[in-house]
2 protein chains.
Amino acid sequence: MKEKKQTIDDIAEELKISKTTVSRAISGKGRISEETRAKVMAYIEKAGYKPNAIARGLAKNRTYNIGFAVPGDYGLVDLPFFQNCLWGICTYAAERDYDVVITMVRENDISQLERLITNNKVDGVIIGRTYENDLAEKFLTEKKIPFVTIGSSRNDEVIQVDNDHVNACKELTGVLLGKGYKRLALIGSSLGYIVNSNRLKGFVDAHKEAGVEPIKELVYTDVEYGANIDAVVEKLVKNKADCIICMDDAICAYVLNRLKVMKISVPDQMKVASFYNSSTLEYNEPAITSLNFDVRELGMESCKTLLQCIKHEPETRKRLLGFEVVLKESTK
Amino acid sequence: MKEKKQTIDDIAEELKISKTTVSRAISGKGRISEETRAKVMAYIEKAGYKPNAIARGLAKNRTYNIGFAVPGDYGLVDLPFFQNCLWGICTYAAERDYDVVITMVRENDISQLERLITNNKVDGVIIGRTYENDLAEKFLTEKKIPFVTIGSSRNDEVIQVDNDHVNACKELTGVLLGKGYKRLALIGSSLGYIVNSNRLKGFVDAHKEAGVEPIKELVYTDVEYGANIDAVVEKLVKNKADCIICMDDAICAYVLNRLKVMKISVPDQMKVASFYNSSTLEYNEPAITSLNFDVRELGMESCKTLLQCIKHEPETRKRLLGFEVVLKESTK
DNA sequence: CTGAAAGCGCTTACAG
DNA sequence: CTGAAAGCGCTTACAG
């Protein structure tokens, strides 16, 4: 049975050695004979001793915590994207004895993050979404706190891990053009998110490569969740789009509903494609063509990179993960 | 501009007083003249000094972190429910200078949580979902770590915050019976989650109160996300259900899709109701009748209760939050 | 290879 | 009301 909390002193006393030695046995640093080392480890194991992370933190000026900054804005919190990232981050971190603390940030309010940093609660931060003018990025750079972004940054100095949205959107667009659809629409939220600019770039690039011009009146990048989507969809229909590409699954869900109300059937009268095949869309009828990213992998990768930053230098400053285009009923 | 990290010693020296006094000025504990107090605070303010949370933690044996245990099981991570809880928890915690660290637990694997506790990384824990036989609950009780559950527990000793699922489901069911629907179906996942048992109880209670028997062949409580839902829906149709109540929105989305494939129109040929009016369903066509809980409020309340537990005793051991029934197109 | 000692930045009896 | 000192549980030069 468990006694009260043991300390390194208790075990030193028990073993008739100094606590210095115990500490070294545990950390594996400093010269120590294999023999004593084994003895200490054996005792620790059997006594169920666990070092106090706080004390170690104070001595080494480390917390063994990393922060994950997720968007606290209304429409964004819900996205399964961040949950899946979180899953990857937590899983990777736990294996290295790190923990992850959550902090909500907004495009123009990073006060929670500031608190976290000035209170010394974390050794580094993963930024879950990058903005065109990113306060968090600026703040962390200034404070010299290691951080990595999920999603691209304009600043090449920033360590970033991202899916290759430019090429992903380019390939998806290319495939759809190749299928003979000529009036492709693109609909998404603010270009203030860098990821949206990248998607737009891919969309344009694919058109160029196919030797055609993207159609301006079919591109909307200022859609608010639930607000003006209906109006936009109606314009797209009026402007004779033959295929709508949605920049995220939440938007896609709205679009599908709107089309249903308008009695426009998918894919017969309108093709639809989306990003991320979240479960919402995966089981939709008809199934929706989409890009597929391994978001949990992305989370793990970002965490791995951050831990590298904390320990020394990361292997790469900018790392792009793959994607797949998954063709389904909705674009047939 | 910021110099290097300041300590309590620096400011004591600067002010020609002892660090004891500085500490007291900051904490507000111990006798200290209002005058010196003001002086210290003024200096701190202007110098931008922030105490080191780690050091304080070591001295007071506190971390100023709380844990939030969320289900790491596949189908569950995605639910917006937990994100919204998290939002509430983080918001409340941040105001009190606490931070929240995430830990993933599974029905039969709480190793991440164990690590968190034995490493002394948190002062208390919020359990996001309760199981019929809850390992986390047992573990935390044994370790004497303060915790509160979101969702009900079988154990009356446990501090719990929950929506009133029994009465919520009872009222929803009652309303539907009152509308003249006679063959109500109930479909949900495992009764291993206490919340599902509670919903079932409400369903049964409402029938009793109306003087009718619940129809056994229309009740399915072992539905897996995405797996056997289709088969279940077909059985419900065959068994002539006239209204399907879904225990969560993910299930409801599947049900709606299946009905669409089967060319059964809602609400003409089948009524549908769900729990939580998440955005997915809110904008569905037709809009779905559902229960409405304020999940962010629930998160805040659970955090408030936990902080009470950590400081002293909570005001109430079991707290039930309200709900509303929101009637929409789908049950017309 | 091992240990005594100082130190990480706070808090808090204890004594004045 | 204020301060010197010990202590929270570790780590790590420094000396042997």
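In which sense do strand S1 (residues 65–71) of chain B and S2(B) pair, and over how many bridges? In this predicted model, the two strands pair in the parallel sense, and 7 bridges hold the count. One of the pairs involves B:Val70, whose bridge partner in S2(B) is B:Met104.

Strand S2(B) is a good place to begin a tour of the structure. Of its 7 residues, 7 are buried, so the strand is largely enclosed by the rest of the structure. As a general point, side chains in a regular strand alternate between the two faces of the sheet. In S2(B), B:Asp99, B:Val101, B:Thr103 and B:Val105 point one way, while B:Val100, B:Ile102 and B:Met104 point the other way. The residues of both sets are buried.

The same strand also takes part in a pairing across the two chains. S2(A) is joined to strand S2 (residues 99–105) of chain B by 3 bridges, and here the strands run antiparallel. Two of the facing pairs can be named. A:Ile102 stands opposite B:Val100, and A:Val100 has B:Ile102 as its bridge partner. S2(B) thus pairs with S1 of chain B in the parallel sense and with S2(A) in the antiparallel sense.

How do the two chains relate to one another as wholes? Chain A can be superposed on chain B by a rotation of 180° with 0.0 Å of shift along its axis, and the RMSD is 0.1 Å. The two copies are thus related as by a two-fold rotation axis. Within chain A, the C-alpha nearest that axis belongs to A:Val101, at 2.0 Å from it. A:Val101 lies in strand S2 (99–105) of chain A, the strand that bridges to S2 of chain B.

The contact between the chains involves 43 residues of chain A and 43 residues of chain B. On the chain A side, at least two residues each come from H4, helix H6 (80–95), strand S2 (99–105), helix H7 (111–118), helix H12 (249–261) and helix H13 (279–282). H6(A) supplies the largest share, with 7 residues. By class, this side of chain A divides into 20 nonpolar, 16 polar and 7 charged residues. Of the interface residues of chain A, 100% are also interface residues in chain B, so the copies meet through the same surface.

Attention can now turn to the DNA. Around DNA strand D there are 28 residues, of which A:Ile8, A:Ser23, A:Ala59, B:Ser18 and B:Arg31 come nearest. Both chains contribute to this surface: helix H2 (19–27) and helix H4 (53–60) of chain A, together with helix H2 (19–27) and helix H4 (53–60) of chain B, each supply at least two residues. The largest share, 6 residues, comes from H2(A). The surface near DNA strand D has 10 nonpolar, 11 polar and 7 charged residues.

For DNA strand C, 28 residues surround the strand, and the closest are A:Ser18, A:Arg31, B:Ile8, B:Ser23 and B:Ala59. Two or more residues each are given by H2 and H4 of chain A and by H2 and H4 of chain B. Here H2(B) gives the most, with 6 residues. The class make-up near DNA strand C is 10 nonpolar, 11 polar and 7 charged residues.

A look at chain A as a whole completes the picture. Chain A holds 14 helices and 12 strands. Its radius of gyration is 25 Å, well over the 20 Å that the globule rule gives for 332 residues, so chain A is more spread out than a compact globule. Along the principal axes, the C-alpha trace of chain A spans about 85 × 40 × 35 Å. Buried residues make up 46% of the 332 residues. Among contacts in chain A with a separation of 6 or more, 68% are between residues 24 or more positions apart.

Chain A also contains an open sheet of 6 strands, in the order S7-S6-S8-S9-S10-S12, with mixed pairing. Its edge strands are strand S7 (219–220) and strand S12 (324–326), each of which pairs on one side only. Further in, strand S6 (residues 184–187) and strand S8 (residues 243–246) of chain A pair in the parallel sense over 4 bridges. A:Ala185, for example, stands opposite A:Ile244 in S8(A).

How values were computed. Residues are numbered from 1 along each chain as its sequence is written. Chains are lettered from A and ligands numbered from 1 in the order in which they are written. This is a predicted model: local features need pLDDT of at least 70, side-chain atom pairs count only at pLDDT 80 or more; totals for chains, interfaces and linings use all residues. A residue is near a molecule or strand if its C-beta atom, placed from the backbone, lies within 6 Å of it. Ala, Val, Leu, Ile, Met, Phe, Trp, Tyr, Cys and Pro count as nonpolar, Asp, Glu, Lys and Arg as charged, and the others, Gly among them, as polar. Two residues are in contact if their C-beta atoms, placed from the backbone, lie within 7 Å. Two strands pair if DSSP finds at least two bridges between them. Copies are superposed by least squares on the C-alpha atoms of residues with pLDDT of at least 70 in both. The radius of gyration is taken over C-alpha atoms; the globule rule is 2.2 Å times the number of residues to the power 0.38. A residue is buried if 20 or more other C-beta atoms lie within 10 Å of its own, exposed if 12 or fewer, and partly exposed in between; C-beta atoms are placed from the backbone.
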